[in-house]
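This report describes the open and enclosed spaces of a protein model, followed by its nonpolar core, one of its helices and a few individual residues. Please read it alongside the sequence and the structure.

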Amino acid sequence: MSDTTTRERMISTAMTLFRREGYQATSWRRLVEQAGTPWGSAYHHFPGGKEQLAVAAIGLGTAVVAKTVRRAFQRNETVEDAVAWWYRKAGEALAADDYRGGCPLATITLEMAHASPAITKACQDAFAAWHTLLVELLSDVKDVKDPEDIATAIMNNLEGALLVSRVHRSSDALDRAARHVALVLRAA
């Protein structure tokens with residue numbers, strides 16, 4: 001087992017566990033067991049402890065969402081269709097995870113933003129990166145008059161819909177949220 005593989009598995013496992021269960025509820029022992037990595041690898045790869053691993057997991061979550069957003073805009077001709085595709089994929093992922101997951105940042109952000117400057121900064125950077133990406137993609141669309149506001153509306157709508165979908169164990173809120181974005185785009 002290479003160091004890279006061990007480190008990557010730990011980061012991926014942390015992202016999943018932090019998203020599902022939260023930072024505080026996820027122990028080092030559980031992380032190591034779930035990742036299937038040697039116990040000594042935790043402090044070897046993350047000498048800064050669980051907080052350092054959380055920052056790395058947030059980075060992975062940022063990349064995963066960015067890849068999905070890019071794919072949504074590449075596969076669809078309109079913003080409305082891209083958003084509907086993205087939200088549908090989010091709903092499928094949420095359902096596949098038995099409605100325990102959602103946004104890779106939401107749970108850790110809500111739980112740790114007040115407690116860890118490093119985690120707070122990583123979450124701020126992640127949300128800023130998603131917003132910047134959306135603004136760039138929306139700026140290429142001639143009918144979008146205010147990419148900054150539309151990007152904010154798309155992100156806020158998604159985050160709220162993921163939360164409601166998780167609580168109701170249904171992706172209906174995500175479907176409705178996608179339709180609401182379409183209405184906002186038509187009205188803008």
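What follows is an account of a predicted model, beginning with its pockets and its cavity.

**Pockets and cavity**

The table sets out the three spaces with their volumes and the classes of their lining residues.

| Space | Volume | Nonpolar | Polar | Charged |
|---|---|---|---|---|
| Largest pocket | about 460 Å³ | 14 residues | 3 residues | 6 residues |
| Second largest pocket | about 230 Å³ | 6 residues | 4 residues | 2 residues |
| Largest cavity | about 30 Å³ | 7 residues | no residues | no residues |

The largest pocket is lined by 23 residues, and those lying nearest its centre are Val-65, Ala-90, Ala-93, Gly-102 and Pro-104. Four helices, namely H1 (3-21), H4 (50-75), H5 (79-96) and H8 (147-168), each contribute at least two residues to the lining of this pocket, and H5 gives the most, with 6 residues.

In the second largest pocket, the lining is made up of Gly-101, Gly-102, Cys-103, Ala-106, Thr-107, Thr-109, Leu-110, Phe-127, Glu-159, Leu-162, Leu-163 and Arg-166. Helix H6 (106-112) and H8 are the elements that supply two or more residues to this lining. Gly-102 therefore appears in the description of both pockets, being a lining residue of the second largest pocket and one of the residues nearest the centre of the largest pocket, where lining is defined by an atom within 4 Å of a grid point of the space.

How many cavities of 30 Å³ or more does a search of the whole structure find? The search finds 1 such cavity. The residues around the largest cavity are Met-15, Phe-18, Ala-54, Ala-57, Ile-58, Pro-104 and Ile-108. Both H1 and H4 supply at least two residues of this lining, with H4 giving the most, at 3 residues.

**The nonpolar core**

The largest nonpolar core has 60 residues, and the residues with the most contacts inside it are Phe-73, Trp-86, Tyr-87, Ile-108 and Ile-154. Helices H1, H2, H4, H5, H6, H7 (117-139), H8 and H9 (172-187) each supply at least two residues of this core.

Ile-108 links two parts of this description, since this residue is among those with the most contacts inside the core and also belongs to the lining of the largest cavity. When residues up to four places away in sequence are not counted, Ile-108 touches Phe-18, Tyr-23, Ala-54, Ile-58, Ala-113, Ile-119 and Cys-123.

**Helix H2**

Helix H2 spans residues 28-35, and its buried residues are Trp-28, Leu-31, Val-32 and Ala-35. These residues lie on the same side of H2 because they cover an arc of only 95° around the axis. An α-helix has 3.6 residues a turn, so residues three or four places apart point the same way. On the other side of H2, Arg-29 and Glu-33 are exposed. The helix is followed by Gly-36, which has a positive phi, near 65°.

Val-32, within H2, is buried, with a relative accessible area of 5%. Apart from neighbours within four places in sequence, Val-32 is in contact with Met-10, Thr-37, Pro-38, Trp-39 and Ala-42. Val-32 and Glu-148, by contrast, are 116 residues apart in sequence and 41 Å apart in space, taken from C-alpha to C-alpha.

**Individual residues**

Most residues other than glycine have a negative phi. Tyr-99, although not a glycine, has a positive phi of about 60°. This residue is found in the loop between H5 and H6 and is buried, with a relative accessible area of 15%.

Arg-169 is not a glycine and has a positive phi of about 55°. Arg-169 lies in the loop between H8 and H9, and its relative accessible area of 45% makes this residue partly exposed.

Ala-129 lies in helix H7 and is partly exposed, with a relative accessible area of 36%. The C-alpha atoms of Ala-129 and Thr-62 are separated by 7.6 Å, while the two residues are 67 residues apart along the chain.

Definitions and conventions:
Residues numbered from 1 in each chain as written. Predicted model: local features only at pLDDT ≥ 70, side-chain atom pairs only at ≥ 80, totals over all residues. Heavy atoms only, no water. 1 Å grid on protein atoms, 1.4 Å probe; cavity = no way out; pocket = protein on both sides within 12 Å on 5 of 7 lines; lining within 4 Å. Points joined across faces, edges and corners; volume = space filled by probe spheres on them. Nonpolar A, V, L, I, M, F, W, Y, C, P; charged D, E, K, R; others polar. Buried < 20%, exposed > 50% of the residue type's maximum accessible area, 1.4 Å probe, protein only. Arc of directions from axis to C-beta. Core = buried A, V, L, I, M, F, W, Y, C linked by side-chain atoms within 4.5 Å. Contact = heavy atoms within 4.5 Å.
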